[in-house]
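Student: I have a new model open and want to go through a few spots in it. Can we start with a single residue?

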Amino acid sequence: VISKTMFTAAEYGNTSWELTLQVDQKHEENMEFKLRVKGDLHIGGLMLKLVEKIQTPQDWSDYALWWQQKNCWLLKTHWTLDKYGVQADAKLLYTPQHKPLQLQLPNMKTVKLTVSFSAVVFKAVTEICKALNIRRSEELSLIKPPDELSKKKKKKDKNKDPVIEEVLDLDVFGSSSGNAASPGLYSKTMIPTYDPENGTPATATSLWFGDNPLTVSQPNLPAEELAKLYQPLQLTDKAVLNLGWLNSSQSLMEQGIQECDKLLLRFKYHCFFDLNPKYDAVRINQLYEQARWAIILEEIDCTEEEMLMFAALQYHISKLTNSSEPLDFSKEADVDEVEAALSNLEVTLEGGNTDRILEDITDIPKLADTLKLFRPKRLTLRPYKEYYFIFKDTTISYYKNKESSTGEPIEQFHLRGCEVVPDVNVTDKKFGIKLLLPVADGLNEVYIRCENESQYAKWKAACILASKGKTMAYSSYRSEVRNIQSFLQMKSLTATSKQAAPDPDSMEMNADCFVSPRYAKKYKTKQLTARILEAHQNVAQLSLMEAKMRFIQAWQSLPEFGIKYYVVRFQGSKKDDLLGISYNRMIRIDMSTGLLLTTWRFSNMKQWNVNWDIKQVAIEFDNNVSVAFSCEKCDCKVVHEYIGGYIFLSTRSKDQNESLDEELFHKLTGGQE
């Protein structure tokens, strides 16, 4: 609070002064009023005096005072002018708190929506998601368009972004009316609603999303339009994509966002909790769209084989979306929580198998197989050599052969905290696992080659769990094995179905629009069409929602999934490095070579904070490991919020009934501001 001696100036007298206020008139010039006030007048009283002086009958309930010089809202109406530090030279604007905003959704379509410019962004995004019927709003946030940072800005100026020509006004559409976003939308324990025609209980999705355009996937862009949006991305370019995230603890107005400005609504945190086809039609479709654009524009790396699999899924989804059959989300499989609990109980009583129940956790499963090993840093004439491997707990041991496995191993790999990277080509029958093992001075690289899909799925699943400090005794091991097998099956270009492959000449398909422009250039259109149709046979039996879910799961299986890059300078270093932040770890990457240098797991983190004076993030891990870095291209709050946000999301559980501890979010992401 500024001392009272600063408020008293001779020309205003000791007890009162003249305060200038402007009133924001939507379609007219701002009106200006001068009021005689005292320092002990509270904000509520000031607004009352102003409204009496305006003498215009209208609803002023959404209006509040904005202090232009201090860039802040005066929302605490019981606070006095003295307490806020408002002086005679203050410029106050009386303006609506809710203003229209243009939002580009993950599907690249733009909607116009009235949004709170006074609430912190975390709350504003919650409002937006309620209006759009997207559950789990904490996974999304708002980011400024990267246009001004784009290398192809001139080209983009000539060709206005073709994806977003029309703007859907949701205020007119009716989605943003308060009633549509009632809390009941998001609760599985809501009072049942009954279908007016046949009297049966109506599913949530069929009622809420009957004609909602946000549940429908967009047609793929023609290849020539796609080429205008595409640009090859180095890791440093990918870092630019993540600079514009807004501060979740400040309002839109405080961050310089103006009425009718354009922002992008995106899934920021890549840990999607409780995805349910029955309740999440909009959420799943928008997730699919974000994943689709990330792959087509190569914001995430994938192999040629994977690109064809994603193309086949897109083709399938496009085909089903354009079919004449109406979309009925109510038919999607959904397991009610009570039914699931009863089912598990039944399995237990009958002595059956279940992923969730482990009979004897003291007997930890192990894997034992003859596999091939390659150590890149060791001089050897034969790259891969056969050994007998045993995987127990979170450790891999290897021996010369099976007979010698009762003795001491040649070497052991401790997988806790390691990076697991697939090295796979299903068509060439190559099933490799690349392990980046943490050592004192960085990471050791080890390649293990499996014989077949089944062996690869078991070993890779075990490696993934071990990297998180978990053993194969965990119930998630089996589902991880199944997910890997499903992913491999989709990538296989040897058709599993008995039907003959369609003739590319007889199919109407614009194959170029399903892959990135770089891949499209590698093949003639007819070749590409044939390869996509071949891959399509693996997914042709999927329903529309299953296909979208498979696409999202395949996206999640990519090594680079969820990693956001930032250019940072580590304490003690003379050059910049890249920092990758994912849902469970941080990665240090050499900017010139792209090599991964070190990994730090969030599970080993003890504390983290920001030194705002020198703009440095400092983090302490177990075993007296500490790191500190400053951000080179953005405010360190952006990076700090990513780390704290992921820690916050890891605290979620299904029994929370989807209510969030907003105070905890700001505490974890605020950096003790």
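Student: Is D393 buried or exposed?
Tutor: D393 is partly exposed, with a relative accessible area of 36%. Buried means under 20% relative accessible area, exposed over 50%, and partly exposed in between, with a 1.4 Å probe and protein chains only. This is a predicted model, where local features need pLDDT of at least 70, side-chain atom pairs count only at pLDDT 80 or more, and totals for chains, interfaces and linings use all residues. Residues are numbered from 1 along each chain as its sequence is written, and side-chain values use heavy atoms, with hydrogens and water left out.

Student: Where is D393 placed?
Tutor: In the loop between β12 (385-392) and β13 (395-399). Strands (E, at least two residues) and helices (H or I, at least four) are DSSP runs, numbered from the N terminus.

Student: What about the phi of D393?
Tutor: The phi of D393 is positive, about 55°, although D393 is not a glycine. Most residues other than glycine have a negative phi.

Student: OK, N624 next. Where does N624 lie?
Tutor: N624 sits in the loop between β23 (616-621) and β24 (625-631). N624 is not a glycine either, and its phi is positive, near 60°. N624 is exposed, with a relative accessible area of 74%.

Student: Switching to helices. At what angle do α10 and α16 cross?
Tutor: Roughly 155°, and the axes of α10 (residues 304-321) and α16 (residues 544-556) come within 9 Å. Axes are lines fitted to C-alpha atoms, for helices over the stretch in contact (heavy atoms within 4.5 Å), and angles run from 0 to 180 degrees between N-to-C directions. The two helices, α10 and α16, are therefore roughly antiparallel (over 145 degrees).

Key
Parallel < 35°, antiparallel > 145°, perpendicular 65-115°, else oblique.
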